[in-house]
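Visitor: I would like to go through this model by question and answer. Please keep to what the coordinates support.

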Amino acid sequence: MAVNRLVIVMWQADPDVPAKAAAPLVYALCARAMDMDVEIHLTSTAIRWAFEGVAANAYSDQKGSQTILEYMQRASAMGVKIYMCGMALTEHHRGESIIAEVTGQTGATSVIGQLQRDDTRVLVF
């Protein structure tokens, strides 16, 4: 069976080191360009990318050529679904607004369910 779905778990690619967030977002963009269904799951401290102002103020490189929010906006516009982990949201959310690019909330069960599919691969960053 052909692989036509990609699930990306952003775990350690958090706002403390913005350069680490570029790679999973580029993988998501590439997979969408290849017509794959793509989901990004923001877990642990990477959940903070979903909070208003965090991704907008973080650059993926030292030149400051592109913010993490710009990557997320492009991914969302291309049809990538961006989900927040419920447990991470409970742990880290302090009332901040959630950016418009976030599709919704889900949890670990969703990722494990995806692992059971023959047509899906899961990458963890």
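**Sheet, helices and loops**

Guide: This is a predicted model. A glycine with positive phi, Gly 79, follows α2, and its phi is near 105 degrees.

Visitor: In what order do the five strands of the open sheet lie?

Guide: The pairing in this sheet is parallel. Its edge strands are β4 (104–106) and β5 (120–124), each of which pairs on one side only. Between neighbouring strands the turn is 30 degrees on average, direction ignored. Read across the sheet, the order is β4-β3-β2-β1-β5.

Visitor: Which residue of β4 stands opposite Met 84?

Guide: β3 spans residues 81–85. β3 and β4 pair in the parallel sense, over three bridges. Opposite Met 84, in β4, stands Gln 105.

Visitor: At about what angle to β1 does α1 run?

Guide: Helix α1 covers residues 19–33. It lies across three strands, namely β1 (5–10), β2 and β5. Relative to β1, the helix runs at about 170 degrees.

Visitor: Within what arc do the buried residues of α2 fall, seen down its axis?

Guide: α2 comprises residues 68–77, and its buried positions are Ile 68, Leu 69, Tyr 71, Met 72 and Ala 75. They line one face of the helix, because seen down the axis of α2 they fall within an arc of 155 degrees.

Visitor: Which elements do the buried residues of α2 pack against?

Guide: The residues in question include Tyr 71 and Met 72. Their partners comprise one helix and two strands: α1 (19–33), β2 (37–42) and β3 (81–85).

Visitor: Is Asp 35 buried or exposed?

Guide: Asp 35 sits in the loop between α1 and β2. Its phi is positive, about 65 degrees, although the residue is not a glycine. The relative accessible area is 65%, and the cut-off for the upper class is over 50%. Asp 35 is therefore exposed.

Visitor: How does Ser 44 count in terms of accessibility, and what is its phi near?

Guide: Ser 44 is found in the loop between β2 and α2. Its relative accessibility is 28%, and values between the buried limit of 20% and the exposed limit of 50% form the middle class. Ser 44 therefore counts as partly exposed. Its phi, a positive value in a residue other than glycine, is near 50 degrees.

Technical notes: Residues are numbered from 1 along each chain as its sequence is written. This is a predicted model: local features need pLDDT of at least 70, side-chain atom pairs count only at pLDDT 80 or more; totals for chains, interfaces and linings use all residues. Side-chain values use heavy atoms; hydrogens and water are left out. Buried means under 20% relative accessible area, exposed over 50%, partly exposed in between (1.4 Å probe, protein chains only). Helices (H or I, at least four residues) and strands (E, at least two) are DSSP runs, numbered from the N terminus. The arc is that of the directions from the helix axis to the C-beta atoms. Contact means heavy atoms within 4.5 Å. Two strands pair if DSSP finds at least two bridges between them. Axes are lines fitted to C-alpha atoms, for helices over the stretch in contact, and angles run from 0 to 180 degrees between N-to-C directions.
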